[in-house]
Amino acid sequence: MDNSKQNTGAKILAVIKGNPIALLLVVAAVVVGCLKDNFFSWANFSNLMSNTAVRFLIALGVSGCLITKGTDLSAGRQVGFAAVVAGILCQKGDYGSKLWKWAPEMNIGLVLIIVLLIGLCWGLINGFIVTKLHVPPFIATLGTQTIVYGISLVISDAQPIGGFQKIYTSLINGRLGSTKSFHLPYLLFVALIFGFLFWFIYNKTRHGKYMYAIGGNDVAAEVSGVNTTFTLIRIYATAGLMYALAGYLLAAKSGGASASMGQGYELEAIAGCTIGGVSTTGGIGTVPGVLVGVLVFELLKIILQFLGVNPYYNYVVQGLVIVLAVALDIRKYIAKK
Amino acid sequence: MSEYVLEMNGVSKSFPGVKALDHVQLKLRAGKVHALMGENGAGKSTLMKCMFGIYKMDEGEIRMDGQPVTITDPMDALTKGIAMVHQELQPIPARTVGENIFLGRYPMKKALGFIPIVDHKKMYDDTAELLKKVRMTFDPKQKVGELSVSQMQSVEIAKAVSANCRVLILDEPTSSLTSNEVEALFRIIEDLKAEDVAIVYISHKMDEILRIADEVTIMRDGKYIGTWEASELTTDKIITQMVGREMHNLYPKRENVPGDVVFEVKDFTSINPRSFRHVNFQLRKGEILGVGGLVGAQRTELMEGLFGIRSHTTGEILYKGKPLKIDRPKDAIDQGVAMLTEDRRGSGIMAVLSVADNISISSLNQYLDYGFVINGRKVENLVQDNVKKMNIRTPSSKTLIKSLSGGNQQKVLVGRWLANNPDVLILDEPTRGIDVGAKYEIYCIIADLAKEGKSIIMISSEMSELIGMSDRIMVMCDGRVTGFVNGSEATQENIMALATQFE
């Protein structure tokens, strides 16, 4: 009995030691919560959950690229692209400034499928450029980032898109439980389902093992018979799917879409992964880690907002947290010498 | 004045979970070659890293000329006259020989009397001087990436010499050198001895040690076993001290009986005109075919060509008379061919992954439930089977492979290939950088596999291993097969004669 208690204590201590930034932020949240009313409210909690949910989906997509020593800078623009396409297709049939007046009102399920297919295509294109044209992922996705943004501007005519079908916004902003007291946003469940799915893929499937192997040593993986090309294409394609899903949800969540949506999200996602322990040298990273990383980032934003910090300073603080988190994380590896 | 240039006394060093060094001593005399021996994991490298200031020792002292000194980091070691040539060379390939040698301490001059700039002329003149000292004739302005491994090593030695070192550590300097190059290295060592440099020589090669060393210190499991005059020692004595048990045979008795020809290569030619060309050979069931030759004979390239890592233009590979189409390693694996590559770190292990992940990666299809879920228990069984069969020493299947010794890593990789139950197994330098005990274990595994009827191709640069383990030896020179020697008739001389048959 005592022994197991000690073990649990040691485990908790290890977790705290492993994630000093996360702990710091939780403490900060408690302090802010005590100082400001409304911080510990269901509305705020729900807000945090749904923000985190969308960012988490994007970070899951990017995590595969990072674990295989790649990256995906087109993530944010792909989210924007999906949001624009979803927005246009989900506009009400009788909406005055409907962008595609010739198009009929579409079923939002069908729209989701279309958006996902487009995301898949973008991912396949990234995977193709990285594996077949041998362009380094950083440059390849820098290129597609710009291309995707350009096309977003063209199809949206650089106009904000609104007037969505009611069912689209109300379904995605829906929640379980009463609005006033305890409730959980649907988005939270979407995030949990995909989190579990990715955990399963990363730990229990051949694809996951191949992904870690490529990140650990791509030459050795190829020599061991891993189809590295196909595995990488699959990783970038999956990432594309996740961005598309996130874009589709984000448009509904915001009640509007524009080409500039999702700008910079790739960096937030990469930062979240890195804070969560995904190693940029490859082969290391877990789904729970990514979740913690993203959550920490969103928590930080909310804390700053409640403290009434000038929003422009947010960038400064977020940047500091990224550097600090990674610096602390890296100490674990250099301390062993 | 002490009789020792440098002495280390009572040195201890612990890492989380292991005591890597336990009161170890080492005493070096000027102008003497001091061999440091022990199995991998015995603590030789750790001791050297303590001397070179890479690790901080927990206990113990270092004295130079009898005076206690503290060495804080490698830069400090260099200024005190201690230089180290690492086992894994770390040159900057895209820069010149001169720049590599003077890296971090470029000779400077003042332009226009006040702007400090690098004095390239002095740097290259000094480099030329140094290269002469290590008996090398190449251009100081050549890019290091264009040099051969042995030339790179000479550059590293020149670098060490340039620091006016009094103690030079050579960590397995001959592991990738040919016989001629080893001779050249020994001449350099003789020169350095004449200049009163104390040399620490780490190697697993007995004949070298007995030839070049003046004194030998042996370590085992992080402990100091003793120091002897090299003249008092024999190979058997050294091995006995290293492994702590008597060892009579270097090679196991082989009971394999080569059967019919199963694997045949015809007119195999690389796309690179300077690599392997017009290679023909046959391999029998249950046969161990050794592949000998000098470094640069394109043996590895040939095998990588057969395995689909490198491309070929013409040529055929037949398995039991049926042509195999191999464009990438996966094709070879699917058709029953496996290859243990030469560069364990570069193309073998996945350092940050576990033993279980490393051993199962090329046979994951066998452990799937419902066609897609990996059954952890089946993977664990695979690991445990191999741990038992090959005596792999690992705390658990979840241990990261990078924390195992070289010999155990190699066994994990052999296990990776055997999991696919291949018919033809290509082993490229299977015992490189592995200690004597583990070497013997690997030889036993190879002999057992041949007995089971597997056909084995083994590249080796160690003559005695080649002769001791092969049924037949194929010798290559400069991309061509220059001849075959039967294992029973093989001698160093007839192999060397074929290996040097340049056109």
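A cavity here is a set of grid points where a 1.4 Å probe fits but cannot get out. Keep that in mind for the opening close-up; all of the views come from a predicted model.

**Close-up of the largest cavity, in chain A.** The structure holds 4 cavities of 30 Å³ or more, and the largest cavity contains about 60 Å³ of space. Its lining is made up of A:Arg55, A:Ile58, A:Tyr265, A:Glu268, A:Ala269, A:Val294, A:Phe297 and A:Glu298. Helix 3, helix 12 (265–275) and helix 13 (287–306) of chain A each put at least two residues into that lining. Sort the lining residues by class and you get 5 nonpolar, 3 charged and no polar ones.

**Close-up of the aromatic pair A:Trp42 and A:Phe182.** Over all chains, the structure has 16 aromatic pairs. In the one shown here, A:Trp42 and A:Phe182 meet edge-to-face, with 5.1 Å from centre to centre and 90 degrees between the planes. A:Trp42 sits in helix 3 (residues 42–67) of chain A, while A:Phe182 belongs to the loop between strand 1 (175–177) and strand 2 (183–185) of chain A, so the pair ties together parts that are 140 residues apart in sequence.

**Close-up of A:Gly277 in the loop between helix 12 and helix 13 of chain A.** Once neighbours within four places in sequence are set aside, A:Gly277 touches A:Ile284, A:Gly285 and A:Asp329. How many residues separate A:Gly277 and A:Tyr248 in sequence, and how far apart are they in space? The two are 29 residues apart in sequence and 28 Å apart in space, going from C-alpha to C-alpha.

**Close-up of the open sheet of 6 strands in chain B.** Read across the sheet, the strand order is 18-21-22-15-23-24, and the pairing is mixed. Why do strand 18 (337–340) and strand 24 (480–486) of chain B each have one side without a neighbour in the sheet? Both stand at the edges with a single partner strand, so one side of each stays free of a neighbour in the sheet. On average, neighbouring strands of this sheet are turned by 20 degrees against each other, direction ignored. Strand 15 (residues 288–293) and strand 23 (residues 472–477) of chain B pair in the parallel sense over 5 bridges, and B:Leu289 stands opposite B:Arg472 in strand 23 of chain B. Helix 17 (residues 492–499) of chain B lies across strand 15, strand 23 and strand 24 of chain B, at about 35 degrees to strand 23.

**Close-up of the second largest pocket, with a volume of about 1,000 Å³.** It is lined by 47 residues, and the closest to its centre are B:Lys205, B:Asp207, B:Ser461, B:Glu462 and B:Met463. Several elements of chain B give two or more residues to the lining, among them helix 6 (179–194), helix 7 (206–212), helix 8 (235–243), helix 15 (436–451) and helix 16 (463–469). Strand 15 and helix 17 of chain B, both met in the sheet view, are also on that list. By class, the lining splits into 19 nonpolar, 17 polar and 11 charged residues.

**Close-up of the open sheet of 4 strands in chain B.** The order here is 14-13-16-17, with antiparallel pairing. Strand 14 (279–284) and strand 17 (322–323) of chain B are the edge strands, each pairing on one side only. Strand 13 (residues 261–268) and strand 14 of chain B run antiparallel and are joined by 5 bridges. For B:Val265, the bridge partner in strand 14 of chain B is B:Phe281.

Terms used:
Residues are numbered from 1 along each chain as its sequence is written. Chains are lettered from A and ligands numbered from 1 in the order in which they are written. This is a predicted model: local features need pLDDT of at least 70, side-chain atom pairs count only at pLDDT 80 or more; totals for chains, interfaces and linings use all residues. Side-chain values use heavy atoms; hydrogens and water are left out. Two strands pair if DSSP finds at least two bridges between them. Axes are lines fitted to C-alpha atoms, for helices over the stretch in contact, and angles run from 0 to 180 degrees between N-to-C directions. Contact means heavy atoms within 4.5 Å. On a 1 Å grid over the protein atoms alone, a cavity is a set of points where a 1.4 Å probe fits but cannot get out, and a pocket is an open set with protein on both sides within 12 Å along at least five of seven lines; lining residues have an atom within 4 Å of a point. Grid points are joined across faces, edges and corners, and a volume is the space filled by probe spheres set on the points. Ala, Val, Leu, Ile, Met, Phe, Trp, Tyr, Cys and Pro count as nonpolar, Asp, Glu, Lys and Arg as charged, and the others, Gly among them, as polar. Rings of Phe, Tyr and Trp (its six-membered ring) pair if their centres lie within 6.5 Å; planes under 30 degrees apart count as stacked, over 60 as edge-to-face and the rest as tilted.
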